[in-house]
Amino acid sequence: MDYNKIMNSAVGIGALVGLYLGLNSFLNLFNRWALGIYGFKFPLIVTCAHLFFGFVALAPYQLLGKNKDIHQAALRETWPGIVMVGLFMAVNIALNNASLVGMVLSLNQVIRASIPCFTAVFAIGIEGRIPTRMQTAGLIPISLGVMVAVWEGSHTSSSTSGIILCCIATVSNALMMTISGRVMSSKIDSMRLTFYTAPVSVMALLPFALYRESSAFEEYYATNATPTILLLVGGSIAALAYNVVHNQMIAVMSATATTVLGNVKIVILIFASSVMFGETNDWGYKLVGGTALTLGGFFLYSYAGLRDKLEQMRASELKAEDGNYRV
């Protein structure tokens, strides 16, 4: 069966969207519980374990059979982009995990709803693409809502350091998504991108993980070996699946369309974290208002991006039909 045809069919895209939302929600809830509630406060080691596991798990498939001869040419052409994606991925995942030690997941997701603001700015500089009027109209409430949420969130149970780490991770995520889309346009699929970027991310993070967390981790592991292994292995499997699906989402539906699904994911996570962890109990009306403003802007921006994408696809179809008619 043709893999590309399956992924671009309605059934394939529907399955991909379901996997993306499910894995993203599970991984965020799992990391919040493990790092912030259960007390497994080793975000750098967790990130390194997830990425290293992904590299090892993909190695047999990537280094054997028909794939073994394609890596040299692919890396020669795209290595600068792969290095940048790996570095921004390291910063994004590590700092976002670290932020969950000291902040609630619901506020974390509101801040990360500002990703379209940064992707729009980076798209201007990297791709020369200017946001439309409707997209700009959506970016304004996103920016204002996140500023209100961050200010009010600093007065809740979330720590200021956690909020700052989340903001830096959000910028890194936007850069990673923008560059990933360009790298995969060079005929590198999601599996290979995950395989190539994992060693870059691990090498960037490992010195910091060893310096900051190794001593405390050794003490913790000595008395909690079994739960530690279960947490690392379980989280690593989920992280590998999510990274592959996330890259495939960008390849099939573009970085812009992927942010559209962030609307659904953010609502799911805010609701789930409220029910499971009681995280919104101390939210005041200003923080609720900032969240509503952010989500409203996010929906408007996403709608504008999706509408533009559909118009481009329709224009391409009409052009192709006109060409066939002339022939």
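Let's start with what lines the largest cavity in this predicted model: by class, that lining has 14 nonpolar residues, 15 polar ones and just two that are charged. The cavity itself has a volume of about 540 Å³. In total, 31 residues line this space, and those closest to the centre are Asn24, Asn92, Arg112, Asn173 and Tyr242.

Where does that lining come from along the chain? Two or more residues each are given by helix H2 (10-37), helix H3 (43-63), helix H4 (71-102), helix H5 (105-112), helix H6 (115-127), helix H8 (160-184) and helix H10 (225-277). And which helix gives the largest share? That would be H10, with 10 residues. If you'd like to look beyond this one, the count of cavities of 30 Å³ or more comes to three.

Now, please turn the model around with me and look at the outside. There is a nonpolar patch on the surface, formed by Phe53, Tyr221, Ile229, Val233 and Ile237. Together these residues have about 410 Å² of accessible area. H10 comes up again here, giving the most to the patch, with three residues. So H10 is a helix to keep in view for both topics, as it gives the largest share of the cavity lining and the most to the nonpolar patch.

One patch member I'd like to pick out is Tyr221, which is found in helix H9 (residues 190-223). Is Tyr221 buried, exposed or partly exposed? With a relative accessible area of 36%, Tyr221 is partly exposed; that value is over the 30% needed to join a patch.

Thanks, everyone, and I'm happy to take questions.

Notes. Residues are numbered from 1 along each chain as its sequence is written. This is a predicted model: local features need pLDDT of at least 70, side-chain atom pairs count only at pLDDT 80 or more; totals for chains, interfaces and linings use all residues. Side-chain values use heavy atoms; hydrogens and water are left out. On a 1 Å grid over the protein atoms alone, a cavity is a set of points where a 1.4 Å probe fits but cannot get out, and a pocket is an open set with protein on both sides within 12 Å along at least five of seven lines; lining residues have an atom within 4 Å of a point. Grid points are joined across faces, edges and corners, and a volume is the space filled by probe spheres set on the points. Helices (H or I, at least four residues) and strands (E, at least two) are DSSP runs, numbered from the N terminus. Ala, Val, Leu, Ile, Met, Phe, Trp, Tyr, Cys and Pro count as nonpolar, Asp, Glu, Lys and Arg as charged, and the others, Gly among them, as polar. Patches are made of residues with over 30% relative accessible area and no salt bridge: like charges are joined within 9 Å, nonpolar side chains (Val, Leu, Ile, Met, Phe, Trp, Tyr) within 5 Å. Accessible areas come from the Shrake-Rupley method with a 1.4 Å probe; for residues, only the protein chains shown count as cover. A salt bridge is a side-chain nitrogen of Lys or Arg within 4 Å of a carboxyl oxygen of Asp or Glu. Buried means under 20% relative accessible area, exposed over 50%, partly exposed in between (1.4 Å probe, protein chains only).
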